[in-house]
Amino acid sequence: MARKFFVGGNFKMNGTKESIKGIVKNLNEAQLDPNVEVVIAPPALYLQLARDELTKSGVEVSAQNVYNKPNGAYTGEISVSQLKDLGVHWTILGHSERRTLLGETDETVADKTKFAIDGGVSVIWCCGESLQEREAGETIAVIERQLAALAAKVTAADWKSIVIAYEPIWAIGTGKVATVQQAQEVHEAIRKWLRANVGDEVAEATRILYGGSVNGKNCKDLAKEKDIDGFLVGGASLKPEFVDIINSNQ
(Lines give C-alpha, C1' and ligand atoms only; values in the text may rest on other atoms or scores of the structure.)
Protein backbone atom coordinates (compact mmCIF):
# COMPACT_ATOMS: atom_id res chain seq x y z
CA MET A 1 0.00 0.00 0.00
CA ALA A 2 1.36 3.40 -0.98
CA ARG A 3 1.30 5.76 2.00
CA LYS A 4 1.16 9.47 1.14
CA PHE A 5 4.24 11.28 2.45
CA PHE A 6 3.38 13.65 5.29
CA VAL A 7 5.34 16.61 6.67
CA GLY A 8 4.22 18.53 9.75
CA GLY A 9 5.74 21.74 11.02
CA ASN A 10 5.49 22.29 14.77
CA PHE A 11 6.24 25.96 15.46
CA LYS A 12 5.99 25.36 19.23
CA MET A 13 5.85 28.62 21.25
CA ASN A 14 7.54 30.65 18.52
CA GLY A 15 6.45 33.33 16.10
CA THR A 16 4.89 36.75 15.72
CA LYS A 17 2.20 37.99 13.38
CA GLU A 18 4.81 39.07 10.87
CA SER A 19 6.96 35.94 11.08
CA ILE A 20 3.95 33.64 10.72
CA LYS A 21 2.85 35.62 7.68
CA GLY A 22 6.34 35.25 6.26
CA ILE A 23 6.42 31.49 6.75
CA VAL A 24 3.01 31.09 5.14
CA LYS A 25 3.95 33.40 2.26
CA ASN A 26 7.02 31.28 1.60
CA LEU A 27 4.87 28.13 1.46
CA ASN A 28 2.29 29.80 -0.76
CA GLU A 29 4.96 30.79 -3.28
CA ALA A 30 7.10 27.64 -3.14
CA GLN A 31 7.07 24.76 -5.58
CA LEU A 32 5.95 21.96 -3.28
CA ASP A 33 5.79 18.28 -4.14
CA PRO A 34 2.06 17.73 -4.85
CA ASN A 35 2.33 14.19 -3.53
CA VAL A 36 3.08 15.38 0.01
CA GLU A 37 0.50 16.26 2.66
CA VAL A 38 1.68 19.29 4.63
CA VAL A 39 0.36 20.51 7.99
CA ILE A 40 1.71 23.50 9.93
CA ALA A 41 1.07 24.01 13.64
CA PRO A 42 1.50 27.62 14.78
CA PRO A 43 0.78 28.71 18.36
CA ALA A 44 -2.94 28.87 19.13
CA LEU A 45 -2.95 32.67 18.96
CA TYR A 46 -2.02 32.49 15.28
CA LEU A 47 -4.19 29.62 14.05
CA GLN A 48 -6.74 31.97 12.47
CA LEU A 49 -3.99 34.11 10.94
CA ALA A 50 -2.34 31.08 9.36
CA ARG A 51 -5.68 29.80 8.03
CA ASP A 52 -6.50 33.21 6.53
CA GLU A 53 -3.09 33.64 4.90
CA LEU A 54 -2.75 30.12 3.45
CA THR A 55 -3.67 29.80 -0.20
CA LYS A 56 -1.51 26.80 -1.12
CA SER A 57 -3.39 23.64 -2.02
CA GLY A 58 -2.34 20.65 0.06
CA VAL A 59 -1.24 22.66 3.09
CA GLU A 60 -3.40 22.57 6.23
CA VAL A 61 -3.23 24.06 9.72
CA SER A 62 -2.98 22.12 12.98
CA ALA A 63 -3.31 23.02 16.63
CA GLN A 64 -0.52 22.01 19.01
CA ASN A 65 -2.93 20.74 21.64
CA VAL A 66 -6.62 20.28 22.37
CA TYR A 67 -8.63 19.44 25.49
CA ASN A 68 -10.63 16.25 26.03
CA LYS A 69 -13.80 17.99 27.21
CA PRO A 70 -16.52 19.94 25.39
CA ASN A 71 -16.83 23.71 25.74
CA GLY A 72 -17.14 24.79 29.35
CA ALA A 73 -15.32 26.08 32.43
CA TYR A 74 -11.79 25.03 31.43
CA THR A 75 -9.75 28.19 31.59
CA GLY A 76 -6.91 28.34 29.11
CA GLU A 77 -7.93 25.27 27.13
CA ILE A 78 -9.11 24.90 23.53
CA SER A 79 -11.98 22.61 22.51
CA VAL A 80 -12.35 20.38 19.49
CA SER A 81 -15.44 22.30 18.37
CA GLN A 82 -13.54 25.59 18.55
CA LEU A 83 -10.82 24.19 16.29
CA LYS A 84 -13.44 23.05 13.80
CA ASP A 85 -15.09 26.47 13.99
CA LEU A 86 -11.80 27.91 12.70
CA GLY A 87 -11.53 25.30 9.98
CA VAL A 88 -8.69 23.51 11.79
CA HIS A 89 -8.94 19.73 11.43
CA TRP A 90 -5.61 18.59 12.89
CA THR A 91 -3.95 18.66 16.28
CA ILE A 92 -0.65 17.44 17.69
CA LEU A 93 -1.02 15.34 20.84
CA GLY A 94 1.45 13.58 23.12
CA HIS A 95 4.50 15.65 22.22
CA SER A 96 7.32 14.94 24.67
CA GLU A 97 7.26 18.55 25.85
CA ARG A 98 3.66 18.08 26.92
CA ARG A 99 4.47 14.75 28.53
CA THR A 100 7.65 15.78 30.37
CA LEU A 101 7.05 19.47 31.15
CA LEU A 102 3.30 19.40 31.74
CA GLY A 103 2.87 15.90 33.10
CA GLU A 104 0.58 14.41 30.48
CA THR A 105 0.41 10.64 30.95
CA ASP A 106 0.02 7.99 28.28
CA GLU A 107 -3.62 7.66 29.32
CA THR A 108 -4.26 11.41 29.16
CA VAL A 109 -2.81 11.58 25.67
CA ALA A 110 -4.91 8.59 24.61
CA ASP A 111 -8.08 10.19 26.04
CA LYS A 112 -7.37 13.43 24.17
CA THR A 113 -6.71 11.52 20.97
CA LYS A 114 -9.99 9.63 21.16
CA PHE A 115 -11.95 12.80 22.00
CA ALA A 116 -10.39 14.70 19.10
CA ILE A 117 -11.08 11.94 16.58
CA ASP A 118 -14.67 11.51 17.77
CA GLY A 119 -15.12 15.26 17.22
CA GLY A 120 -13.76 15.15 13.68
CA VAL A 121 -10.18 16.34 14.27
CA SER A 122 -7.29 14.16 13.09
CA VAL A 123 -4.26 13.66 15.31
CA ILE A 124 -0.50 13.69 14.93
CA TRP A 125 0.19 11.39 17.88
CA CYS A 126 3.71 11.57 19.28
CA CYS A 127 5.78 8.95 21.06
CA GLY A 128 9.41 8.64 22.03
CA GLU A 129 12.01 7.69 24.60
CA SER A 130 14.45 9.65 26.77
CA LEU A 131 18.23 9.34 26.49
CA GLN A 132 18.27 7.35 29.75
CA GLU A 133 15.67 4.93 28.39
CA ARG A 134 17.58 4.50 25.12
CA GLU A 135 20.87 3.86 26.91
CA ALA A 136 19.11 1.29 29.10
CA GLY A 137 17.88 -0.54 26.00
CA GLU A 138 14.25 0.31 26.77
CA THR A 139 13.35 2.21 23.60
CA ILE A 140 10.98 -0.34 22.09
CA ALA A 141 9.38 -1.14 25.46
CA VAL A 142 8.64 2.56 26.05
CA ILE A 143 7.13 3.01 22.58
CA GLU A 144 5.03 -0.14 22.93
CA ARG A 145 3.72 1.05 26.31
CA GLN A 146 2.65 4.35 24.75
CA LEU A 147 1.06 2.56 21.79
CA ALA A 148 -0.80 0.16 24.08
CA ALA A 149 -2.37 3.05 25.99
CA LEU A 150 -3.56 4.55 22.72
CA ALA A 151 -4.85 1.27 21.29
CA ALA A 152 -6.88 0.69 24.46
CA LYS A 153 -8.89 3.85 23.75
CA VAL A 154 -9.36 3.95 19.99
CA THR A 155 -11.23 1.70 17.58
CA ALA A 156 -9.82 0.07 14.47
CA ALA A 157 -11.65 2.67 12.38
CA ASP A 158 -10.07 5.54 14.38
CA TRP A 159 -6.56 4.74 13.14
CA LYS A 160 -7.29 6.28 9.75
CA SER A 161 -7.38 9.64 11.59
CA ILE A 162 -4.02 9.10 13.32
CA VAL A 163 -0.54 9.85 12.07
CA ILE A 164 2.20 8.57 14.39
CA ALA A 165 5.29 10.70 15.00
CA TYR A 166 8.29 8.98 16.55
CA GLU A 167 10.35 11.63 18.32
CA PRO A 168 13.31 10.48 20.42
CA ILE A 169 13.30 12.98 23.28
CA TRP A 170 17.08 13.15 23.29
CA ALA A 171 17.05 14.42 19.69
CA ILE A 172 14.45 17.18 20.03
CA GLY A 173 15.94 20.65 19.93
CA THR A 174 19.40 19.31 20.77
CA GLY A 175 20.88 19.23 17.29
CA LYS A 176 21.34 15.49 17.75
CA VAL A 177 19.55 13.19 15.40
CA ALA A 178 19.02 9.47 15.39
CA THR A 179 21.00 7.72 12.69
CA VAL A 180 19.01 6.59 9.70
CA GLN A 181 19.34 3.03 10.97
CA GLN A 182 18.16 3.94 14.49
CA ALA A 183 15.13 5.76 13.14
CA GLN A 184 14.19 2.98 10.72
CA GLU A 185 14.54 0.32 13.43
CA VAL A 186 12.01 2.08 15.66
CA HIS A 187 9.63 2.82 12.79
CA GLU A 188 9.78 -0.82 11.77
CA ALA A 189 9.08 -1.88 15.37
CA ILE A 190 6.05 0.43 15.53
CA ARG A 191 4.64 -1.03 12.34
CA LYS A 192 5.31 -4.55 13.62
CA TRP A 193 3.47 -3.73 16.86
CA LEU A 194 0.50 -2.35 14.94
CA ARG A 195 0.39 -5.48 12.80
CA ALA A 196 0.42 -7.78 15.82
CA ASN A 197 -1.94 -5.78 18.04
CA VAL A 198 -4.28 -3.89 15.71
CA GLY A 199 -4.14 -5.56 12.31
CA ASP A 200 -2.38 -5.77 8.96
CA GLU A 201 -4.54 -3.13 7.30
CA VAL A 202 -3.85 -0.50 9.96
CA ALA A 203 -0.15 -1.38 10.04
CA GLU A 204 0.18 -0.89 6.30
CA ALA A 205 -1.93 2.27 6.09
CA THR A 206 -0.70 4.21 9.14
CA ARG A 207 1.93 6.83 8.40
CA ILE A 208 4.86 6.97 10.80
CA LEU A 209 6.83 10.21 10.86
CA TYR A 210 10.29 10.87 12.22
CA GLY A 211 10.87 13.93 14.38
CA GLY A 212 13.95 15.05 16.26
CA SER A 213 16.20 17.73 14.74
CA VAL A 214 15.12 16.99 11.17
CA ASN A 215 16.67 19.51 8.79
CA GLY A 216 17.43 20.14 5.15
CA LYS A 217 20.65 18.15 5.33
CA ASN A 218 19.46 14.86 6.85
CA CYS A 219 15.92 14.65 5.50
CA LYS A 220 16.67 13.02 2.14
CA ASP A 221 18.51 10.05 3.65
CA LEU A 222 15.78 9.53 6.24
CA ALA A 223 13.04 9.77 3.61
CA LYS A 224 14.51 6.81 1.69
CA GLU A 225 13.71 4.33 4.47
CA LYS A 226 10.71 2.08 3.84
CA ASP A 227 8.98 2.72 7.17
CA ILE A 228 9.64 6.49 7.40
CA ASP A 229 6.59 8.16 5.86
CA GLY A 230 7.50 11.77 6.53
CA PHE A 231 8.57 14.13 9.27
CA LEU A 232 7.35 16.21 12.18
CA VAL A 233 9.70 19.18 12.02
CA GLY A 234 10.47 21.55 14.88
CA GLY A 235 12.89 24.46 14.54
CA ALA A 236 13.53 23.93 10.83
CA SER A 237 9.83 24.52 10.09
CA LEU A 238 10.42 28.18 10.94
CA LYS A 239 13.11 28.47 8.26
CA PRO A 240 13.14 28.46 4.43
CA GLU A 241 14.67 24.94 4.49
CA PHE A 242 11.23 23.64 5.49
CA VAL A 243 10.45 23.63 1.77
CA ASP A 244 13.44 21.35 1.14
CA ILE A 245 12.18 18.96 3.82
CA ILE A 246 8.71 18.90 2.25
CA ASN A 247 10.30 18.04 -1.10
CA SER A 248 12.73 15.46 0.29
CA ASN A 249 10.83 12.45 -1.02
CA GLN A 250 11.16 13.38 -4.69
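Start at the second largest cavity of this predicted model: by class, its lining has 6 nonpolar residues, no polar ones and 1 charged. To see it, select Ile140, Ile143, Glu144, Leu147, Val186, Ala189 and Ile190, which line this space. Its volume is about 30 Å³. Now color helix H7 (139–151) and helix H8 (180–197), since each supplies at least two residues of that lining. H7 gives the largest share, 4 residues.

Next stop: the other cavity. A search of the whole structure turns up 2 cavities of 30 Å³ or more, and the largest holds about 40 Å³ of space. Pick out Gly94, His95, Ser96, Arg99, Cys126, Cys127, Gly128, Gln146, Glu167 and Ile169 to show its lining. Helix H4 (96–102) and strand S5 are the elements that give two or more residues to it. By class, you're looking at 3 nonpolar, 5 polar and 2 charged residues.

Stay with S5 and select residues 122–127: 6 of its 6 residues are buried. Turn on the side chains. Ser122, Ile124 and Cys126 point one way, while Val123, Trp125 and Cys127 point the other way.

Which strands does S5 pair with? Bring up strand S4 (residues 90–93), which runs parallel to S5 and is joined to it by 4 bridges. Click Thr91 and you'll find its bridge partner in S5, Val123. Then add strand S6 (residues 162–166), which pairs with S5 in the parallel sense over 5 bridges. Finish at Cys127, which stands opposite Tyr166 in S6; you already met Cys127 in the lining of the largest cavity.

Definitions and conventions: Residues numbered from 1 in each chain as written. Predicted model: local features only at pLDDT ≥ 70, side-chain atom pairs only at ≥ 80, totals over all residues. Heavy atoms only, no water. Buried < 20%, exposed > 50% of the residue type's maximum accessible area, 1.4 Å probe, protein only. Pairing = 2+ DSSP bridges. 1 Å grid on protein atoms, 1.4 Å probe; cavity = no way out; pocket = protein on both sides within 12 Å on 5 of 7 lines; lining within 4 Å. Points joined across faces, edges and corners; volume = space filled by probe spheres on them. Nonpolar A, V, L, I, M, F, W, Y, C, P; charged D, E, K, R; others polar.
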